[in-house]
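Student: I have a model on my screen and some questions about its strands, its helices and a pocket. Can we go through them one by one?

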Amino acid sequence: MSAALDSLLDLLDLEQIERDIFRGASRSSVVPRVFGGQVAAQALVAAGRTVPAERVAHSLHAYFLRAGDPGAPIVYSVDRIRDGKSFTTRRVVAVQHGQPIFHLSASFQTYEDGLEHQADMPASPDPETLPTAAEMLPRYAHLFADPGMADRLIEARAAVDLRYVDAPPFGTVGEAREPRSQVWFRTNGKLADDPLLHVCMATYVSDMTLLDSVLLAHGRGGWAVGDVVGASLDHAMWFHRPFRADEWLLYDQESPSASGGRGLGQARIHTADGRLAITVIQEGVVRVPR
């Protein structure tokens with residue numbers, strides 16, 4: 001296991017301070033606020049720790065309310081909304097400095113057999129043939145507003161092996177493209193056999209690239225280039241089938257709409273053998289600086 005992955009696992013290992021209250025550490029990201037994927041993953045950890053182990057997460061719906069302070073811990077308060085025969089529902093509020101910064105609702109289910117169908121996995125190259133972040137990002141360092149941004153991005157993503165199928169938005173600045181993007185990802189090391197951990201890790205990664213497709217439609221390079229400003233507004237995920245976050249997952253993303261200073265991204269995550277594991281939808285603020 002890489003040191004970066006070990007550090008991320010420590011970040012997700014929340015301290016329980018009361019029956020339904022947990023505390024998580026924070027750390028800086030490439031922007032001066034807590035990375036949204038971190039808050040979402042930590043909130044799901046908090047919810048999951050109040051649920052019987054045999055019930056697995058099948059959906060989450062979340063709102064990002066305020067920017068998180070990376071210099072302060074985050075307190076997660078869990079409400080036990082419902083414990084039914086098949087489903088369990090939890091609500092989590094993340095608080096910093098006395099104010100809510102994030103709200104999550106999550107549902108968990110006992111496994112059962114049922115009807116089966118799924119969308120086909122799209123065509124994509126073998127991830128092993130694609131460049132790693134450490135190989136790819138230095139090629140675009142000259143485009144970033146901050147000359148140290150490439151190194152900071154590599155460091156921020158060191159726990160995850162994330163590989164773009166095509167050039168990222170900052171690789172084709174000024175060139176409008178089809179609003180669709182694919183990345184392959186897996187953790188940089190093996191994880192324990194805990195379904196909640198794999199779901200939380202996928203939640204963490206899901207906030208990294210989903211709005212890329214919005215930028216591609218307008219030839220914008222993104223936050224690192226400085227030709228847009230933005231932040232996540234809300235995030236929803238549905239976990240359809242078991243998967244491992246330490247094995248290759250294809251994140252197939254597209255944007256059906258941008259308007260009113262907001263952009264929408266939607267995506268499907270498939271396992272390498274073609275099983276549809278997760279559906280993701282996110283809306284974010286996407287503004288052109290004045």
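Student: Which side chains of strand E2 (residues 21-24) point to one face and are buried?
Tutor: In a regular strand the side chains alternate between the two faces of the sheet. This is a predicted model: local features need pLDDT of at least 70, side-chain atom pairs count only at pLDDT 80 or more, and totals for chains, interfaces and linings use all residues. Residues are numbered from 1 along each chain as its sequence is written, and side-chain values use heavy atoms, without hydrogens and water. Along E2, Ile21 and Arg23 point to the other face and are not buried (buried means under 20% relative accessible area, exposed over 50%, partly exposed in between; 1.4 Å probe, protein chains only). The buried pair is Phe22 and Gly24.

Student: What is the bridge partner of Glu18 in E2?
Tutor: Helices (H or I, at least four residues) and strands (E, at least two) are DSSP runs, numbered from the N terminus. Two strands pair if DSSP finds at least two bridges between them. E1 and E2 run antiparallel and are joined by 3 bridges, with a hairpin of 2 residues connecting them. Glu18 has as its partner Ile21.

Student: Which residue of E4 stands opposite Gly24?
Tutor: E2 also pairs with strand E4 (residues 74-83), in the antiparallel sense. That pairing has 4 bridges. Opposite Gly24 stands Ile74.

Student: Why do strands E1 and E7 each have one side without a neighbour in the sheet?
Tutor: The open sheet has 12 strands with antiparallel pairing, in the order E1-E2-E4-E5-E6-E3-E9-E12-E11-E10-E8-E7. E1 (15-18) and E7 (160-164) stand at its edges, so one side of each is left without a neighbour. The reason is that each has a single partner strand.

Student: How many degrees are neighbouring strands of this sheet turned against each other on average?
Tutor: Axes are lines fitted to C-alpha atoms, for helices over the stretch in contact, and angles run from 0 to 180 degrees between N-to-C directions. For this average, direction is ignored. The value is 25 degrees.

Student: What is the bridge partner of Arg90 in E6?
Tutor: Strand E5 (residues 87-96) and strand E6 (residues 99-110) pair in the antiparallel sense over 10 bridges. One of the partners in E6 is Ser107, which goes with Thr89. For Arg90, the partner is Ala106.

Student: Which residue takes a positive phi in the hairpin of E5 and E6?
Tutor: Most residues other than glycine have a negative phi, and most peptide bonds are trans. This hairpin has 2 residues between the strands. The residue in question is not a glycine, yet its phi is about 50 degrees. It is exposed, with a relative accessible area of 62%: His97.

Student: Is Ser107 buried or exposed?
Tutor: Ser107 lies in strand E6. Leaving aside neighbours within four places in sequence, its contacts (heavy atoms within 4.5 Å) include Val56, His58 and Thr89. Its relative accessibility is 12%, so it counts as buried.

Student: What is the bridge partner of Arg55 in E6?
Tutor: E3 is joined to E6 by 9 bridges. The two run antiparallel. The partner of Arg55 is Thr110.

Student: About how many degrees does the direction of helix H5 make with that of E9?
Tutor: H5 (residues 195-206) packs on the sheet. Among the strands touched are E3 (55-64), E6 and E9 (229-239). The angle with E9 is about 150 degrees.

Student: What is the relative accessible area of Thr203?
Tutor: Thr203 sits in helix H5. Leaving aside neighbours within four places in sequence, Thr203 is in contact with residues including Ala41, Leu60 and Phe239. Thr203 is buried, at 0%.

Student: In which helix is Ala41 found?
Tutor: Ala41 is buried, with a relative accessible area of 0%. Leaving aside neighbours within four places in sequence, Ala41 is in contact with Leu12, Cys200, Thr203 and Tyr204. Its helix, residues 36-48, is H2.

Student: What volume does the second largest pocket have?
Tutor: On a 1 Å grid over the protein atoms alone, a pocket is an open set of points where a 1.4 Å probe fits, with protein on both sides within 12 Å along at least five of seven lines; lining residues have an atom within 4 Å of a point. This pocket is lined by 30 residues, and Tyr111, Phe239, His240, Arg241 and Pro242 lie nearest its centre. E3, E6, H5 and E9 each give two or more residues to the lining. Grid points are joined across faces, edges and corners, and the space filled by probe spheres set on the points is about 880 Å³.
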